[in-house]
Every structure is written in C-alpha cells, then in structure tokens.
Amino acid sequence: MMETVKLGIVGFGFMGHCDADMMSTFDDSEIKLVAVADTNPEQLKDAPEGVETYNSIEEMLEKADINTVMVSTPNPSHPEMVKKAAAAKKNVICEKPAAMSVALFDEMVAACKDNGVLFTVHQQRRWDKDYRIMKEVYDKNMVGDMYVIKSQLYGFNGNMHDWHVYPEMGGGMLYDWGVHLIDQMLDMIKSEIVSLYADVRNVINENVDDYFNIIMKFKNGVTAEIELGTYYLTPKRAWFIGGNKGSAIIDGFNGEGKIVRTAHLLENVPGKITMTAAGPTRSFGPAAPGLLQEEALPEVDVNHRNYFEHFVKAFNKEEEVIIKPEQVRRVLCVMDAVRESAKTGKAIAFEA
C-alpha cells in the first residue's frame with residue numbers, strides 16, 4: 001500500500017500558491033497538503049480550507065504532521081530552509097534555483113544525506129511540451145546526425161519585477177529562466193561539455209541580467225545555443241534542431257512546428273553557375289516546387305503535474321528521484337562558467 005506524501009510548504013508567496021494549487025489536483029491518498037508557513041501573516045490569509053498555517057518553518061516542523069517540506073521561499077534562504085527540514089527528518093523538495101552557489105548546494109545535499117531524507121529540486125520545465133517534443137526528436141535521431149540545437153526565449157516587457165531586481169536575492173534571468181533552459185539542454189544532450197562561451201548583459205536593467213547567449217560544444221559533436229532576451233521585441237519561444245537528414249522547428253510553448261526535409265539533395269556540379277533571383281547560387285535561392293517536404297512533429301502528452309507523480313513514486317521507493325542532486329549541481333556549475341566567460345570574454349574549457 002502506498003504511503004501518503006504529507007506536505008508542508010514553507011514560503012507562501014507566488015510560487016507557494018502555485019505549488020498549493022498543484023497539490024489540489026492530487027488525491028489525498030497520494031499527496032495531502034497539511035500545512036503552509038510564512039513569516040508574513042498576510043500571505044497566509046488565503047490558505048486552502050483545512051490547511052494549517054504557521055508563522056515559521058520551526059513552528060510548522062514542530063507541530064504539523066508532515067513528512068515532506070516544499071521550500072518555496074526566496075532564493076537566498078533555500079539552504080537554511082532545506083537544512084532545517086532535513087534536521088527534522090523531513091524529505092525536501094526545493095524550488096529552483098536551489099542555491100546561489102555550488103558550495104551552498106553541496107551543504108544542502110550533505111545535510112539531506114546525513115539525515116537520510118530524499119532531496120530533489122522542482123525543475124518542472126523538463127515536462128514542458130515544447131521541450132519534450134524536441135527531446136523526442138533528439139532521442140530518436142529523427143533528423144539524422146545532429147550538429148546544432150538552439151533554444152530561444154524572447155520577450156518584450158524587459159523590466160524586472162518584485163525581488164527579481166535585486167542581485168543579492170538571486171534576481172536576473174540567468175537565475176530565473178537560465179536554470180531551466182540549461183537544465184533542459186543538459187537533460188537532452190547526454191554528453192560532456194567540451195567548451196562554453198557566454199555573453200551576459202544588462203540591456204535595460206541596471207543591476208541584473210536581462211539577456212544572455214550561451215554556446216556549448218559537446219563531446220558528441222553537437223553545438224547547443226541558448227539565447228534569452230527580455231527586451232528582444234520579437235516575443236517567442238523557439239527551438240531548432242539541425243541534422244543531416246532534416247531540420248526540426250518549434251515556435252511556441254505548445255510545440256507548434258514541423259520537421260522539414262529535402263526530397264533530394266542538389267547535385268554537385270563543379271564549375272557550373274546557376275543564376276537565381278538571389279544571384280549565382282543554388283543553396284540560398286528559391287526552393288524548386290516539391291523540394292522541401294514537411295512532416296508533423298512527434299506528439300507528447302506531458303504536463304508539470306508529472307514531476308509530482310514521479311516524486312510520489314520516489315517517496316514510496318518505487319523509483320529514484322527524477323531530478324537528481326548531481327544533475328542540479330552540474331547546472332549550477334554551468335551557470336558559474338557562464339558568468340566567468342561573460343566576465344572575461346573568453347571561452348572556457350569545461351568537463352574536457
């Protein structure tokens with residue numbers, strides 16, 4: 001018989017409310033939200049009916065009948081909250097970014113290991129539909145031998161909000177979205193990173209980054225590029241995978257896109273010039289009718305709820321936690337390399 005995850009959420013702000021809403025989709029026999037805690041009493045006023053409220057994690061750990069804590073407090077407080085939950089022998093799910101340094105994250109992992117509790121991080125965007133479709137294309141070599149993968153996220157409302165404007169709070173886009181986009185790319189490409197180059201900028205925000213471009217070359221021959229801009233003014237979420245048997249394209253979080261192939265390759269004719277409207281070129285002139293052929297992308301059925309479905313299984317020892325601490329640590333190491341490359345303007349040998 002499966003044991004119930006009896007959950008307490010510490011930090012009942014925006015993410016804490018989102019997490020509580022997610023728990024309401026589960027049967028109480030799977031996950032039961034028992035308690036929420038926040039140092040700001042105003043945040044607790046709309047706690048779900050029947051859920052206990054506490055003014056501190058200490059009070060919640062002492063009084064609530066819980067076996068798991070979800071840490072949804074601001075980024076800098078994550079290590080303290082995780083350590084306190086672990087010391088109370090509670091399993092821990094931590095919001096991302098788990099920590100603001102690798103050293104702090106190592107302390108969190110050690111505390112959970114020493115106390116014999118599960119520890120995982122809420123990297124729920126591994127279940128984004130657009131990502132899962134492209135992972136399927138990658139895993140099944142649907143466009144042949146792949147040489148480039150691009151992940152792009154552009155917005156238009158460039159100013160940061162709330163605590164995101166403060167560097168000391170883990171503000172900026174590298175901490176906010178970079179941790180997800182890097183995690184997706186590393187989860188897709190199971191290979192060592194040979195080199196990394198990054199450009200990180202404050203375009204319209206004075207104190208925190210609002211643009212980054214990261215290029216990673218992998219040992220398996222794939223080059224990955226991740227680009228994000230909050231003030232790009234061409235809003236989109238896009239993917240591109242290029243292979244020697246076609247291209248896969250997505251524009252949108254819902255996975256709208258296609259696979260494009262050529263019906264045949266152009267003949268190599270040495271010394272022969274072909275005139276087109278674009279000049280003496282065949283590679284970049286208008287495609288002949290029927291040359292480009294489109295196919296549907298694979299279909300996937302995923303949503304962010306899948307993360308917690310896996311956690312319930314891990315809690316009941318039916319499988320390992322799916323977001324493993326060593327994977328989270330690798331993302332944090334990549335983020336450190338991104339900052340170093342952006343600071344020095346040089347590529348970094350990474351895992352080589």
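## Strand β4 and its surroundings

In this predicted model, the bridge partner of L7 within strand β4 is T68. L7 belongs to strand β1, residues 5-10, and this strand pairs with β4 in the parallel sense over four bridges. Strand β4 itself covers residues 68-71, and its side chains are divided between two directions: T68 and M70 point one way, V69 and V71 point the other way, and all of them are buried. In a regular strand the side chains alternate between the two faces of the sheet.

Strand β4 is also joined to strand β5, residues 91-94, by four bridges, and these two strands run parallel. Within this pairing, V71 of β4 stands opposite C94 of β5. Together with helix α3, which spans residues 78-87, the strands β4 and β5 make a right-handed β-α-β unit.

### Cysteines

How many disulfides does the model contain? The count comes to zero. A disulfide is a covalent bond between the sulfur atoms of two cysteines, and here a pair is counted when the sulfur atoms lie within 2.5 Å. The sulfur of C112 has its closest cysteine sulfur in C94 at 9.0 Å, which is too far for a bond, and C112 is buried, with a relative accessible area of 1%. For C333 the closest cysteine sulfur is again in C94, but the separation is 17 Å, so this pair is too far apart for a bond as well.

### Backbone features in the loops

The loop between α3 and β5 holds K89, whose phi is near 65 degrees, a positive value in a residue other than glycine. Further along, the loop between α5, residues 129-139, and β7, residues 146-154, contains N141, which likewise has a positive phi although it is not a glycine. The two residues are set out below.

| Residue | Phi | Relative accessible area |
|---|---|---|
| K89 | near 65 degrees | 51%, exposed |
| N141 | about 50 degrees | 47%, partly exposed |

Another backbone feature is found at P97, in the loop between β5 and α4, residues 102-114. A cis peptide bond joins K96 to P97, with omega at about -15 degrees.

### A nonpolar patch on the surface

Which residues make the nonpolar surface patch of about 490 Å²? The patch is made by F156, V203, I204, Y231 and L233. Of these residues, L233 lies in the loop between β10, residues 223-229, and β11, residues 236-243.

Key: Residues are numbered from 1 along each chain as its sequence is written. This is a predicted model: local features need pLDDT of at least 70, side-chain atom pairs count only at pLDDT 80 or more; totals for chains, interfaces and linings use all residues. Side-chain values use heavy atoms; hydrogens and water are left out. Buried means under 20% relative accessible area, exposed over 50%, partly exposed in between (1.4 Å probe, protein chains only). Two strands pair if DSSP finds at least two bridges between them. A crossover is right-handed if, with the strands pointing away from the viewer, the path from the first strand over the helix to the second runs clockwise. Patches are made of residues with over 30% relative accessible area and no salt bridge: like charges are joined within 9 Å, nonpolar side chains (Val, Leu, Ile, Met, Phe, Trp, Tyr) within 5 Å. Accessible areas come from the Shrake-Rupley method with a 1.4 Å probe; for residues, only the protein chains shown count as cover. A salt bridge is a side-chain nitrogen of Lys or Arg within 4 Å of a carboxyl oxygen of Asp or Glu.
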